[in-house]
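Hi,

Here is the structure I said I would pass on. Have a look at it first, and then read on for my notes.

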Amino acid sequence: MRNGSVRLRKSCRSLVVAVLFQGVLFGAVSSSRSLTCGACHTAQARSQPETSMAHALLLPGANSVLAAHPKLTFQHGSYSYTVETRNGQSTYSISDGARTISAPIQWAFGTGAQTWVFERDGRFYESYVSFYPLANGLDITIGDQGMEPTTLEQAFGRELTNTETTACFGCHATGAVSDYRVHFDSLKPGVTCEHCHTGAATHLEAISHGKLESVPPKLKALSAEQISNFCGQCHRSFEEVLRNHWLGQMNVRFQPYRLANSKCFNGADSRISCVACHDPHKEVVTDGASYDPKCLACHGTTSASSTSGHLQPVSNLHRVGKPCPVATSGCVNCHMPKVKLPGGHQEFTDHYIRVVHPGDSYPD
Amino acid sequence: MYLKALCACVLLTASVLADEGAFQRLSAQANAARDANNVPQAIALYRQALALNPRWDQGWWYLGTLLYDSDQYTDGRDALRHLLELQPNAGPAWGLLGLCEFETGENDKALADVERGLAASSELQPGMEAVLRFHEALLLTRAGQFDRAIQTYAMLIRRGSRSPELVSAVGLAALRRPMLPKEIPPGQTDLFLSAGKASIFTMSGDLEHAQQALNDLAARFPDASGVHYLRGTFLLVADTAQAVDEFKEELRVNPSNSAAGAMLAWVLLRAGELQTALPYAEKAATLAPDYAIAQFVYGRLLVETGSVERGIERLRAAETIDATFLETHLSLATAYSRIGRTEEARREREISLELSRKEASSLAQR
């Protein structure tokens, strides 16, 4: 075991030396400053920047959503909203007919549905309206439907607390939060390596000096439950949802919470965790059939040798689920139905894996 | 011999009938005196009637209430105890007994009996219920159960209670001082009134005034124990960084404030600063073995730092103190899952879901 570890270290060291040497030879890595994660983790570095997570926060000039919709308008009661984009700069305006408030869009959250955050007089505001692709237009921001603004300022946007601001930027950007505050000088928009792999920057620096001791914690070593909590820091864990009493249909957005309710989730079996089905370095796969092998890993007809039809908990790794009596493909279509959020502008796959009966109410 | 027995029987029957007659007469007179608000006479007549018929439960009730109203708490307590021997399910009598015991200084019994009275809240008139709730909160504070006391005060404040005695009582719970308002040392009244006012603003949802009142409180009493903890808990929702500073300041003022230590450890834990959090949590749990939050935070930190079995022990201790505390069950689910006790983890997740639903329903009713 120890020899294996030594061998692995040696081969890693050789790899690093090779990468550095290649950099010197071909100019790809001229110094430690330009050494990137991609030098070693090529595949991940190639695919991850193309993901939605990598574009979770968009800055002016990089907002493809608004570039494709140069003028958006919305009327809510007596308030008229306009979002106009010219030369890569977008402006959010609201008018009640007598007065108008305008602000440049500084931070756009999301690549599908999109909400904007503004800074005014040192305070941060979340836009009262958001862009929804399914509506191909604007509507009230999720969570704000219950608000009935009575002033132009209220209708402009909801003031965020410092805790909310750090939570928003903490999830949608990298290196944004330290000491419980947002630091815009160190902020990198979107989710990059360092966001999940804490210590990646230190590792990079150390690697450039040929030191291997600084490897960030291995996320692969986490159990299903730990991964669920890890991803749930942004996608909302079981704990977070219950702590905040986010019960009801709106919580379909919170996949780690929904998954944890599933009968097959036990926190220890790695076949039922976020990363068993999703590679965070790649864009999420939307073809339901592609997930069939994941379901059949437990519910396959050949491995399910049970005659009684019951679960056979031999061990977590060898648990066998009942085979589906209806089909052997398209599992998620039935067992992970799509749920439309109230308001109808967004649809999410319900990660609470279960046998869904027609007419069933939404289980919290 | 037979004649003698017959005579005795006749005499006994006559005596019983005479007593019965006297009881009827006295009880009617007692009720009339009570209706006429002639309290001393009513008390005397009820006593005479009850001497003849000690199984008259209604008499004990009226005697108990009259004695309580005339500040004769020891006698009132005894009368109500007689009644409860006859009617052990009489909720209001338990409540009134608790109030008598509160006045006689039997605080532990008072709390238990007030709570027994409140358990039958459907039988209580709204005014009586509010009085019992207020005393429950006073006694919870005296017993060091500050969080429960604050919940009860918050309920009263949402219902519109604003009596002056409430303000300093809330201040005591908010600053986590196990005292009754009458025990506040001379010279400290202003501290507790100010803390009470700030907390009442918070409980009423007037956050702007609450913040201002808390700022004033911290400026005027920077070295008073509990002040920075109170301000920290208020700030926690909106500004974690300031809350952390306040908890640290509280621990400077009062290093043995286990609530501040536990909260600081919890915030650090959630920020992933496990090793920094651990000593705060350990100290808080050691100082306050009966404080569920301190036990839970330390237990969770032990789980997160790899001492899962020890963590479970602490979490179980927290559960024993307060089985309805959601965070304990969430942490137990994590802990069991971490060591492959998957069925127990599932059970804890189910309990958590149920508790969260109950809390949500309770919040919706407010």
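Below is what I found, going from chain A to its sheet, its domains, chain B and the cores.

One thing before you start: this is a predicted model.

**Chain A overall**

Chain A has 364 residues, and buried ones make up 26% of them. In secondary structure terms, you will find 13 helices and 17 strands in chain A. If you take the contacts in chain A between residues at least 6 apart in sequence, 46% of them link residues at least 24 apart.

**The four-stranded sheet**

The part of chain A I spent some time on is an open sheet of four strands, with antiparallel pairing and the order E2-E3-E4-E5. Its edge strands are E2 (71-76) and E5, each of which pairs on one side only. On average, neighbouring strands in this sheet are turned by 15 degrees against each other if you ignore direction.

Starting from the E2 edge, E2(A) pairs with E3(A), residues 79-86, in the antiparallel sense, and six bridges join them. Here is a charged-looking spot to click on: Lys71(A) sits opposite Glu84(A) of E3(A).

At the other edge, E4(A), residues 89-95, pairs with E5(A), again in the antiparallel sense, over five bridges. Which residue of E5(A) is the bridge partner of Tyr92(A)? That would be Ala103(A). The hairpin of E4(A) and E5(A) leaves four residues between the strands, and there Gly97(A) takes a positive phi near 95 degrees.

How many of the five residues in E5(A) are buried? The count is zero, so strand E5(A), residues 100-104, is hardly covered; a residue is called buried here if 20 or more other C-beta atoms lie within 10 Å of its own.

**Domains of chain A**

The domain assignment splits off domain 1 (57-172) and domain 2 (219-349) in chain A. Their C-alpha centres are 33 Å apart. Eight residues from domain 1 of chain A and six residues from domain 2 of chain A take part in the contact between them. On the domain 1 side, those residues come out as six nonpolar, one polar and one charged.

**Chain A against chain B**

For the contact of the two chains, 20 residues come from chain A and 24 residues from chain B. On the chain A side, helix H5 (162-172) and helix H9 (238-243) each supply at least two residues. The largest share there is that of H9(A), with four residues. By class, this side of chain A has six nonpolar, eight polar and six charged residues.

**Domains of chain B**

Chain B is divided as well, into domain 1 (19-124) and domain 2 (275-366). The C-alpha centres of these two domains of chain B lie 44 Å apart.

**Nonpolar cores**

The largest nonpolar core has 118 residues, and those touching the most other members are Ala173(B), Ala262(B), Ala265(B), Ala281(B), Ala284(B) and Val297(B). Helix H14 of chain B, residues 258-270, gives the most to this core, namely 10 residues. Val297(B) makes a good starting point for browsing: setting aside neighbours within four places in sequence, its contacts include Trp266(B) and Leu269(B), as well as Ala262(B) and Ala284(B).

There is also a second, separate core of 29 residues, with Met53(A), Phe131(A), Ala155(A) and Phe156(A) among them. As general background, nonpolar side chains tend to be buried together in soluble globular proteins.

Cheers

Conventions: Residues are numbered from 1 along each chain as its sequence is written. Chains are lettered from A and ligands numbered from 1 in the order in which they are written. This is a predicted model: local features need pLDDT of at least 70, side-chain atom pairs count only at pLDDT 80 or more; totals for chains, interfaces and linings use all residues. A residue is buried if 20 or more other C-beta atoms lie within 10 Å of its own, exposed if 12 or fewer, and partly exposed in between; C-beta atoms are placed from the backbone. Two strands pair if DSSP finds at least two bridges between them. Domain bounds come from an automatic or database domain assignment. A nonpolar core is a set of buried Ala, Val, Leu, Ile, Met, Phe, Trp, Tyr and Cys residues joined through C-beta atoms within 7 Å. Two residues are in contact if their C-beta atoms, placed from the backbone, lie within 7 Å. Ala, Val, Leu, Ile, Met, Phe, Trp, Tyr, Cys and Pro count as nonpolar, Asp, Glu, Lys and Arg as charged, and the others, Gly among them, as polar. Axes are lines fitted to C-alpha atoms, for helices over the stretch in contact, and angles run from 0 to 180 degrees between N-to-C directions.
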